[in-house]
Protein chains: 2
Amino acid sequence: MKKIINDPSNVVEEMLSGIVRSYGNLVERVDDSRVIKENKLFNQVSLVSGGGSGHEPAHAGFVGDGMLSAAVLGDVFTSPTPDQILTAIQSTNNGQGVLLIVKNYTGDILNFEMAKDMAEMEDIRAEILVVDDDIAVENSLYTAGKRGVAGTILVHKILGNYARQGKNLDQLLEIGNDVVSSLRSIGIALKGATVPEVGKEGFDLADDEIEYGVGIHGEPGYRKEKLQPSKVLASELVDKILASYGSETKEVGVLVNGMGGTPLMEQFIFMNDVLDLLDQKGIKVIFTKVGNFMTSIEMQGLSLTTIDLTDKSEWLGNLESQVTTISW
Amino acid sequence: MKKIINDPSNVVEEMLSGIVRSYGNLVERVDDSRVIKENKLFNQVSLVSGGGSGHEPAHAGFVGDGMLSAAVLGDVFTSPTPDQILTAIQSTNNGQGVLLIVKNYTGDILNFEMAKDMAEMEDIRAEILVVDDDIAVENSLYTAGKRGVAGTILVHKILGNYARQGKNLDQLLEIGNDVVSSLRSIGIALKGATVPEVGKEGFDLADDEIEYGVGIHGEPGYRKEKLQPSKVLASELVDKILASYGSETKEVGVLVNGMGGTPLMEQFIFMNDVLDLLDQKGIKVIFTKVGNFMTSIEMQGLSLTTIDLTDKSEWLGNLESQVTTISW
């Protein structure tokens, strides 16, 4: 294992310290916790997200005005504990309730639900919005149903702006479910990631092999084959995504997300191919974003996320709104 | 070679297309060129940078209000040609002259100087600011003197804000030289990058080996040794940097820059160690930034850059100013 770290069992603690010391103008750590919150809380419903570490900049990089109120960091690829989630709820709630945005993994769902119950015993209302945008496979390792991946960032962005504008918890939950149902993602992997405490790659691929549909913790995808040109990869992912939309999709937003070890050069080449394909199919792309947002440590690969924006010009405004975060 | 590309000889063209199609709200391509410029030019001295591709987001990601007016893209790790640089000058000059911000590599210096001469024949005044912040080695492959690396981004940022505020070309050149002389950078590499047209890694390191002082094109550094903990790496780089400042440095800005294949987790852990060391030495850190800014395709490694901000509170304001770019 070749990593710039100190103690493999202390990576989250040191990373968390590095984040809050580097961006103390935006965020702070809640004392004795794994919670990173905004320096300044706003008079709105609080939005909290989180999950295992190793997906940076998700979620701490999206804490700030117009996105999240706080992020809770679990160990690498491990759900945060209920007491840590409760701390995030307590430290950001200002009486209007807390929306918990949770990627669909069994451990996360369990712990966020427990934290929600604990909060309600303290008379803090919390609701859970589950994000399950990964259409690659159903019922994979760690997950019942579909997994939650990079589309989660778009949920943070759209709901973050609505929360800032004063929508209440019920409204945010309803809109949130609508946003989630408009999202589709699939990933491809060229090379696995190494969890520091494990010390070896989570899965193996031959030198000329890629895997379609791999999850952000290295969960198995749906097919391995020889590496193909970017155009071929883009075609497979775009076709799968478009086929999965039930209704006619005329306008979309597109997010190309690097998995951590894939350079921007490849991400932009892939996006170029995706835009060609959508153009050929007569689908208008009205929002685009390229970069490392929901990574899998140093995994090589990327994911494609679309959001159906047909008749959703208001969501587009939210996606384009200015925010004050480390990483949007 | 395992990359998400189509034709190795066409990566820059397709990447450039991907960038301008993804961020057409901010930038555009000058027709039939390798120049990416701001959509909207401002009434100010124009700032142009560029160099070989493969360092994304540098420099196209820093084009926009408050940073660069345009970026010129060469082939991978290859200087842009003088005619392309001239196009960038012509397409952004509005009569107040053009400052060319050039990383110190022999090929870049030669081509930017030729473009400057060509511009002057058209009565456009252009000046060259050379950035040579890498203190690892003198006179390496491709370079006479010190190399220009990630500190260049801070030059873009400080001068970009001054240009926006109305400083003239002479003033920008003078301040620019002052900024450059306050910068220090050194990198470390864990694993080399592969230029698509070459097809194999630019240099080899054993599985447990790292190299200090490697350049952003894989140029040799000053020592290879077994991988050390982050604290040890940080200590070596911080000591070298502080020793190279002649005068007493009391306040600095710190940039930890990922080389493309190194996850944010490691970058933040390393920054945490750097901040501990500077704190122990009584040096106040008043600006910090962490992420992939000046990469070397998918190289694993990072660089540390400091800027001496002692008695330079005005520069701090420029570093903190709001900009409208893809990647700052």
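Modeller: Let's start with a term: a polar contact is a pair of N or O atoms within 3.5 Å, where, within protein, one must be able to donate a hydrogen and the other to accept it. Keep in mind that this model is predicted.

Colleague: Okay, how many residue pairs are in polar contact across the interface of chain A and chain B?

Modeller: The rule finds 26 such pairs between the two chains, counting residues that are both at pLDDT 80 or more. On the chain A side, α7(A) gives the most to the surface touching chain B, with 11 residues. That side of chain A divides into 28 nonpolar, 12 polar and 14 charged residues.

Colleague: What about salt bridges: how many are there between chain A and chain B?

Modeller: The count is 3. In one of them, A:Arg21 pairs with B:Asp276, and their closest N and O atoms sit 2.8 Å apart.

Colleague: And how do I read the size of an interface?

Modeller: People often give it as the accessible area lost when the parts come together. Here, about 4600 Å² is buried between chain A and chain B, with carbon and sulfur atoms giving 61% of that. A:Lys2, A:Ile4 and A:Met265 supply 21% of what chain A buries against chain B, more than any other three residues.

Colleague: Now for a single residue: is A:Gly213 buried or exposed?

Modeller: Buried means under 20% relative accessible area. A:Gly213 is at 0%, so it counts as buried. You'll find A:Gly213 in the loop between β8 and β9 of chain A.

Colleague: Which residues does A:Gly213 touch, beyond its neighbours within four places in sequence?

Modeller: Among them are A:Ala136, A:Arg147, A:Ile186 and A:Tyr222. The C-alpha atoms of A:Gly213 and A:Ile186 are separated by 5.6 Å, though the two residues are 27 residues apart along the chain.

Key. Residues are numbered from 1 along each chain as its sequence is written. Chains are lettered from A and ligands numbered from 1 in the order in which they are written. This is a predicted model: local features need pLDDT of at least 70, side-chain atom pairs count only at pLDDT 80 or more; totals for chains, interfaces and linings use all residues. Side-chain values use heavy atoms; hydrogens and water are left out. Buried area is the accessible area (1.4 Å probe) that two parts lose on being put together, summed over both. A salt bridge is a side-chain nitrogen of Lys or Arg within 4 Å of a carboxyl oxygen of Asp or Glu. A polar contact is a pair of N or O atoms within 3.5 Å; within protein, one must be able to donate a hydrogen and the other to accept it, and residues adjacent in sequence count only if both atoms are side-chain atoms. Helices (H or I, at least four residues) and strands (E, at least two) are DSSP runs, numbered from the N terminus. Ala, Val, Leu, Ile, Met, Phe, Trp, Tyr, Cys and Pro count as nonpolar, Asp, Glu, Lys and Arg as charged, and the others, Gly among them, as polar. Buried means under 20% relative accessible area, exposed over 50%, partly exposed in between (1.4 Å probe, protein chains only). Contact means heavy atoms within 4.5 Å.
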